[in-house]
Amino acid sequence: MVHLSSIPGPNVNGNGTEEDKLISAVKKVHLQLANDEDNFASSVYGSRFAGADLPRHEMPEKEMPKEVAYRMIKDELSLDGNPMLNLASFVTTYMEEEAEKLMTESFAKNFIDYEEYPQSADIQNRCVSMIGRLFHAPTTGDAHTGPVGTSCVGSSEAIMLAVLAMKKRWKNQRIKEGKPYDNPNIVMSSAVQVCWEKAARYFEVEEKYVYCTPDRYVIDPEETVDLVDENTIGICAILGTTYTGEYEDVKAVNDLLTKKGLHTPIHVDAASGGFVAPFVVPDLEWDFRLEHVVSINVSGHKYGLVYPGVGWVVWRSPEYLPQELVFNINYLGADQASFTLNFSKGASQVIGQYYQLIRLGKHGYRAIMSNLTRTANYLSDSLEALGFIIMSKKAGEGLPLVAFRLPHKEDRNYDEFALAHQLRVRGWVVPAYTMAPHTENLKMLRVVVREDFTRNRCDALINDIKLSQSLLQEMDRESIKRQQEFIHKHHTNSGKATHNHPKYRKEKHSLQGKTGKTHAAC
């Protein structure tokens, strides 16, 4: 049977059914809330948004179309520098499309949710195992005594965790012996990256520095061990210093501790060198092959070849990671052991690290690091031929970077900073630094050779250094000074920066504030 249905007309008197009244009321509400005209034209740049300032300080009242938001922000970001010309940073600027795709597909995964994303958690464990074995972590013990490690946001977090572990272990031992534990200290080079100063300051540990000299840019093993006392929680040794890339002699420090009968732990800051030395100089002893090395950190986003930010920290055994620092948390349905400074984080970077480890393998990493070392050697030889003094090591004795400075000349009107500013005009970011304290205020320039810094691009840099020097040589001192001021104010982003709160400018408590040392970029 077919049902007949009437065709309703407009309810002039408003005496319809309750359903009709409800529908009418909802429509009225919707019309009242959405009666603005559409401001989106067929072209992004034809919309009213293109003719107005982007919000800067307060969240806008109304929305904008997704196409407009994307294009406006993309246009803003186009004013950033070219990452491939940024030779100041160790951070990875190239990954394969397949790696990028995997990482993009994992953006929504909260890595800390082990119950929901067990495979991502297992991938982290695989990375820890591979990296631990790369560093010769002892694997002969059982699950209760074997090495342990975790992923971090970067080496800064990894170093914070390592310092916490050393301090807590030292404190526990002092309490057990009935001795005071209110004055811990840590021994490290004056060329350390600023995160070490932060860790010491945040966790109230005294810094005992082994100072560099005009002809030595790493720690002296004898001086290092001589600074050790009963309050020393550990020694920091750097596998690839920030300034010159030189490897500190971890073995010499280890052997001196053994010779003197000391049991002071060593933490190796292998942020940059941890993915270089094992492939370029595999016989170099700096890792868990040395008995006093108890923990190592490494940055996955540097020579681990992953986009920022991911780092790793590994301990020789649970003995060196006190249990009271690790929290067992029942969260989102699963028990998990947590030793981190933060909690929620994306899984993308860990997955990117795993991709690189299995995609490249040891052979692939060795091939890349060998090429980088050859390119660094070539650049070093070329700059030496131009008359520069080379401060970094070659042939695998340090990181694939070149640190160099101008020879001392009374009649030269420009310095390393002027040359850096001139190269900036050419598009290159080649930083100039004031070296660590006690080096007679040595100035230097540094070029980090990353995976995407090819021989062809190296030649382009050398040519621009020649051109920049030629231009500076034709200028008098006053002209160079005026040009530097102009470039710094109008061309460099640091000169135009407004994000530094006036209360915290020109601090005097760090090595940079006290001595003029430049905190180098990583």
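**Close-up 1. L227 sits partly exposed in a loop of this predicted model.** The relative accessible area of L227 comes to 23%, which puts this leucine just outside the buried class, since buried means under 20%. Its loop is the one linking α7 (221–226) to β4 (232–238). If you leave out residues up to four places away in sequence, L227 touches V187, K208, Y209, V210 and T232. Take V210 from that set: L227 and V210 are 17 residues apart along the chain, with 8.2 Å between their C-alpha atoms.

**Close-up 2. E204 has a positive phi without being a glycine.** Its phi is about 55°. Look for E204 in the loop that runs between α6 (194–202) and β3 (206–210). Is E204 buried or exposed? With a relative accessible area of 64%, E204 is exposed.

**Close-up 3. The loop between β6 and β7 holds L305 as well as G309.** The strands on either side are β6 (293–299) and β7 (311–315). L305 is a residue other than glycine with a positive phi, near 70°. Don't go looking for L305 on the surface: at 3% relative accessibility, this residue is buried. Further along, P308 and G309 are joined by a cis peptide bond, with omega about 0°. L305 turns up again in the next view, as one of the residues that M369 touches.

**Close-up 4. M369 is among the best-connected residues of the largest nonpolar core.** This core has 97 residues, and those with the most contacts inside it are I266, V268, F275, W286, M369 and L461. Helix α10 (residues 348–385) supplies the largest share, 13 residues. What does M369 touch, once residues up to four places away in sequence are set aside? The list reads F275, V276, F279, V280, Y303 and L305. There is also a second, separate core of 18 residues, with W196, A199, I233 and I238 among them. As background, nonpolar side chains in soluble globular proteins tend to be buried together.

**Close-up 5. Four strands make up an open, antiparallel sheet.** Reading across, the order is β10-β11-β13-β12. The edges belong to β10 (389–390) and β12 (432–434), each pairing on one side only. Three bridges tie β12 to β13 (residues 443–448), and the two strands run antiparallel. Along that pairing, A432 is opposite L445, and T434 is opposite K443. β13 is also antiparallel to β11, this time through four bridges; here A403 has R446 as its bridge partner. How much of β13 is buried? Five of its six residues are, so the strand is largely enclosed by the rest of the structure.

**Close-up 6. Helices α10 and α11 pack on the four-stranded sheet.** Start with the strands: β12 and β13 are joined by three bridges. α10 touches β10, β11 (401–405) and β13, and its direction makes about 15° with that of β11. Helix α11 (residues 416–425) touches β11, β12 and β13, with an angle of about 35° between its direction and that of β13.

**Close-up 7. S468 is a buried serine in helix α12.** The helix spans residues 455–473. At 2% relative accessibility, S468 falls well under the 20% limit for buried. Setting aside neighbours within four places in sequence, S468 is in contact with L419, Q422, L423 and R426.

**Close-up 8. The second largest pocket has a volume of about 850 Å³.** Its lining is made of 32 residues. Which of them lie nearest the centre? That would be V148, G149, L321, V326 and A337. The elements giving two or more residues to the lining are α4 (118–134), β1 (148–152) and β9 (334–338). Of these, α4 gives the most, with five residues.

Key: Residues are numbered from 1 along each chain as its sequence is written. This is a predicted model: local features need pLDDT of at least 70, side-chain atom pairs count only at pLDDT 80 or more; totals for chains, interfaces and linings use all residues. Side-chain values use heavy atoms; hydrogens and water are left out. Buried means under 20% relative accessible area, exposed over 50%, partly exposed in between (1.4 Å probe, protein chains only). A nonpolar core is a set of buried Ala, Val, Leu, Ile, Met, Phe, Trp, Tyr and Cys residues joined through side-chain atoms within 4.5 Å. Contact means heavy atoms within 4.5 Å. Two strands pair if DSSP finds at least two bridges between them. Axes are lines fitted to C-alpha atoms, for helices over the stretch in contact, and angles run from 0 to 180 degrees between N-to-C directions. On a 1 Å grid over the protein atoms alone, a cavity is a set of points where a 1.4 Å probe fits but cannot get out, and a pocket is an open set with protein on both sides within 12 Å along at least five of seven lines; lining residues have an atom within 4 Å of a point. Grid points are joined across faces, edges and corners, and a volume is the space filled by probe spheres set on the points.
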